[in-house]
Amino acid sequence: MSPATRILILGAAGRDFHNFNVLYRSSSAHYVAAFTAQQIPHIANRRYPAELAGPLYPDGILIHPEASLELLIRDERIDRCVLSYSDLSYADVMHLASRVNAAGADFELLSAWRTMIPSRLPVISVGATRTGAGKSQTSRAIASALRDAGLATAVLRHPMPYGELASQRVQRFATAADLDLHRVTIEEREEYEPYLELGQVVYAGVDYDEIVRQAEAESDVLVWDGGNNDTPFLVPDVHIVVADPHRPGHERAWYPGETNVRMADVVIINKVDTALAEAVEEVRQNVHAINPRARIVEAASPLVVDDPAVIRDRKVLAIEDGPTLTHGGMAYGAAVLAARAAGAVLVDPRPFAVGEIADTFTAWPHIGPLLPAMGYGPQQIADLQETVRRAAAAGVEAIAVGTPIDVARILDLPVPHTRVRYELSLRGGTSVQELIAPVLERARRQAGV
């Protein structure tokens, strides 16, 4: 018998664990020697626990920083490195592949289809070309349309297992109390809380085979809300991909965003109300060139400000969604746009940043005069709180909160604040119901609605 192929999974706490569970956990032909971690702080130097890794891994699997890649390939005698995280430029993918090849291992990109889990229920998946394109507002609009059609819907969210992994095998969120019960991070709250406000059940965790089975037991249809620009974990009946004309060309230059576009049944070119017309047209032409069968529709992302008077003509601190700014590459978000529209003066928080928030600005120097709501752990949240306190003490008069959650539930905001959010507004007379019509028909038939 040939010896098992020794695998190193390159990840960021999400897709990596899923790929292991689906393809390698029960395979005697492969041995996963380790994971590496990138993008997300505090992930490395942990262990994927034996309870999740299965009987072939009685000691679990160590997670190392990606910076140790070459040493791991040598010391663990790695045969193959499997890329298992998302939102990388093609240049970054090939730099990583070159490191792997130079160190003596093969470099592999897995087929999206090999890692998808089938469901007995109809599935709508929502992906994107880049982080921050507008996946979640699209997914929320779809979930609302399904609810209005009388269908019980579970949203399955891309994993964000940043805590104690064994306890995160399956997570179900139906109320705000569930967020506290699972001790979720700010990043997790940003993805789950808006659904809970709609009365929508959300599932997430580590073991998606089990998550799918539990979600199926209480649902008529499943909605997959992807993370970053990753491909779906579930086999979709309809795959909807959101493209961002503020980053034209990225739909064919970022991994695995182009894969999403090529797989898509529908591509929504979002934010056409704030993007340049020529950028919208560039995205349209690129999408049509690589997937001529996809239906292309346009959508606006109108800003909704709870109380514009709070920030009008004031010195404002803009708090934005962290991942969209960091590995998503954006330099601004909804809070900045709302503040500018209100005639506010943006206060640069960088002179007041402390600890891990200051480190974030150093690591991502493209970020403009705004505060990324980073909160992957208690220390980062504490540093975020102190940064806000210092900025307020230095003369900030109001805060525009552009995160998907009400951060006032997590942080003490010492000056008046208002929330800012995007909504999805399809153009050209197109409705969400029309885009998901095949799933609506099948789900109604199966549910007897």
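In the predicted model, strand β9 (residues 153-157) pairs with strand β12 (residues 221-225) in the parallel sense, through 5 bridges. Within this pairing, Val155 of β9 has Val223 of β12 as its bridge partner. Strand β9 also runs parallel to strand β11 (residues 201-205), to which 3 bridges join it. Here Val155 stands opposite Val202 of β11.

The side chains of a regular strand alternate between the two faces of the sheet. In β9, Thr153, Val155 and Arg157 point one way, while Ala154 and Leu156 point the other way. Residues on both sides are buried. Because 5 of the 5 residues of β9 are buried, this strand is largely enclosed by the rest of the structure.

A second arrangement concerns two helices. The axes of helix α5 (residues 135-148) and helix α7 (residues 186-197) come within 11 Å of each other and cross at roughly 25°. Angles under 35 degrees count as roughly parallel, and α5 is therefore roughly parallel to α7. The crossing of these two helices is right-handed. On the α5 side, the contact involves Ser136, Ser139 and Arg140; on the α7 side, it involves Glu191, Pro194 and Tyr195. Sorted by class, the contact of α5 with α7 contains 2 nonpolar, 2 polar and 2 charged residues.

How values were computed
Residues are numbered from 1 along each chain as its sequence is written. This is a predicted model: local features need pLDDT of at least 70, side-chain atom pairs count only at pLDDT 80 or more; totals for chains, interfaces and linings use all residues. Side-chain values use heavy atoms; hydrogens and water are left out. Buried means under 20% relative accessible area, exposed over 50%, partly exposed in between (1.4 Å probe, protein chains only). Helices (H or I, at least four residues) and strands (E, at least two) are DSSP runs, numbered from the N terminus. Two strands pair if DSSP finds at least two bridges between them. Axes are lines fitted to C-alpha atoms, for helices over the stretch in contact, and angles run from 0 to 180 degrees between N-to-C directions. Angles under 35 degrees count as roughly parallel, over 145 as roughly antiparallel, 65 to 115 as roughly perpendicular and the rest as oblique. A crossing is left-handed if the near helix is turned anticlockwise from the far one by less than a right angle, and right-handed if clockwise. Contact means heavy atoms within 4.5 Å. Ala, Val, Leu, Ile, Met, Phe, Trp, Tyr, Cys and Pro count as nonpolar, Asp, Glu, Lys and Arg as charged, and the others, Gly among them, as polar.
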